[in-house]
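Work through the exercises below with the sequence and the model open. Try each task before reading its solution.

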Amino acid sequence: FTRFAARRRRSFCPGSTALLRSVELSSPDTTCTLLPYGVDLEANAPPKAAAKSKARDALGLPADAFVAITLGSVHERKGQLPLIEAWLEWLRVAGETTARRLVVGPREAPDYSRRIDQVLATAGQHGDTVVFTGQTDDSGRYLRAADVYVTASHAEGLPISIVEALAHGLPVVGRRLEGVTDDFMHGNAVTPISPWTVEGFAAAMNPLRNEGARLAASRDARAVAEQRFDVRRRVQTLRGLFSVC
């Protein structure tokens, strides 16, 4: 069946420009069509102030808190520990007292989770700012409550979590991933950190404490989603690939 499908293919459809370049370099005679993930822009829209306040109230978050969010499993490949260490140091230096960090996803690696818990246990009151929510089938309820998306993942394809965050108008601060991060860049939508350092994380986060700067970055984030990750454009591309010539 695989050989049959390969003979019938019209195009390889990489989800990121990095994969596209890789296929083109390895198979220069192969037809390729860039096909990034799509997101429903109506279902994943930046919330109005009332909706954001309601989302925070439902999650027990302070109305005036600076809220960061990460979607994904708690695992070493996701870089959760260095991200938490950078977060705690940023809180200490910046003097943040109402900030919260939501980690939305399952704890897949018990040993790694214990290491994280040990770091948080020694962080005093700052350790309480990190909230593990567990797995969810409704990431939107958390994204609507957040101000910024943060990540220190070591390796990704084209993370749908970032696509959803951008659609919700969340600026992204994260480790720069070769061939991946560039697909999200536009204005101030994304602040890549390379190499990853605690100081680099703080430098990226500090401007976003300013509401005006955060709103401008939010507009850029939404623009990325509208211009590159509209699910309707993905469906249109697929329709063209599957149409009978």
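Buried means under 20% relative accessible area, exposed means over 50%, and partly exposed lies in between (1.4 Å probe, protein chains only). Helices (H or I, at least four residues) and strands (E, at least two) are DSSP runs, numbered from the N terminus. The model is predicted: local features need pLDDT of at least 70, side-chain atom pairs count only at pLDDT 80 or more, and totals for chains, interfaces and linings use all residues. Residues are numbered from 1 along each chain as its sequence is written, and side-chain values use heavy atoms, with hydrogens and water left out.

**Exercise 1. Strand E1**

Task: state which residues cover each face of E1, and find the bridge partner of Thr 70 in E2.

Solution.
- Step 1. In a regular strand, side chains alternate between the two faces of the sheet.
- Step 2. On one side of E1 sit Val 67, Ile 69 and Leu 71; on the other sit Ala 68 and Thr 70. All of these are buried, and both faces are covered.
- Step 3. Five of the five residues of E1 are buried, so the strand is largely enclosed by the rest of the structure.
- Step 4. E1 pairs with strand E2 (residues 100-104) in the parallel sense, over five bridges. Two strands pair if DSSP finds at least two bridges between them.
- Step 5. Thr 70 has Val 103 in E2 as its bridge partner.

**Exercise 2. Helix H7**

Task: decide how many residues of H7 are buried, and what they pack against.

Solution.
- Step 1. H7 spans residues 160-167, and seven of its eight residues are buried, so it is largely enclosed by the rest of the structure.
- Step 2. The buried residues are Ser 161, Ile 162, Val 163, Glu 164, Ala 165, Leu 166 and Ala 167.
- Step 3. These buried residues pack against strands E1 (67-71), E4, E5 (172-175) and E6 (190-193), and against helices H6 and H9. Contact here means heavy atoms within 4.5 Å.
- Step 4. After H7 comes Gly 169, with a positive phi near 80°.

**Exercise 3. Salt bridges of Asp 147**

Task: find the salt-bridge partners of Asp 147 in helix H3 and state what each pair ties together.

Solution.
- Step 1. A salt bridge is a side-chain nitrogen of Lys or Arg within 4 Å of a carboxyl oxygen of Asp or Glu. The structure holds 12 of them.
- Step 2. Asp 147 meets Lys 52 at 2.6 Å, N to O. Asp 147 lies in the loop between helix H6 (140-143) and strand E4 (148-151), and Lys 52 lies in H3, so this pair ties together parts 95 residues apart in sequence.
- Step 3. Asp 147 also meets Arg 56, at 2.7 Å, N to O. Arg 56 lies in H3 too, so this pair ties together parts 91 residues apart in sequence.
- Step 4. Check accessibility. Asp 147 is buried at 6%, and Arg 56 is buried at 4%. Lys 52 is partly exposed at 23%.

**Exercise 4. A pair within one helix**

Task: describe the salt bridge between Arg 92 and Glu 89.

Solution.
- Step 1. Their side chains meet at 2.6 Å, N to O.
- Step 2. Both residues lie in helix H4 (residues 80-94), three residues apart, about one turn of the helix.
- Step 3. Arg 92 is exposed at 52%; Glu 89 is partly exposed at 29%.
- Step 4. Elsewhere, salt bridges with shared partners join Lys 52, Arg 56, Asp 147 and Arg 214 into one network.
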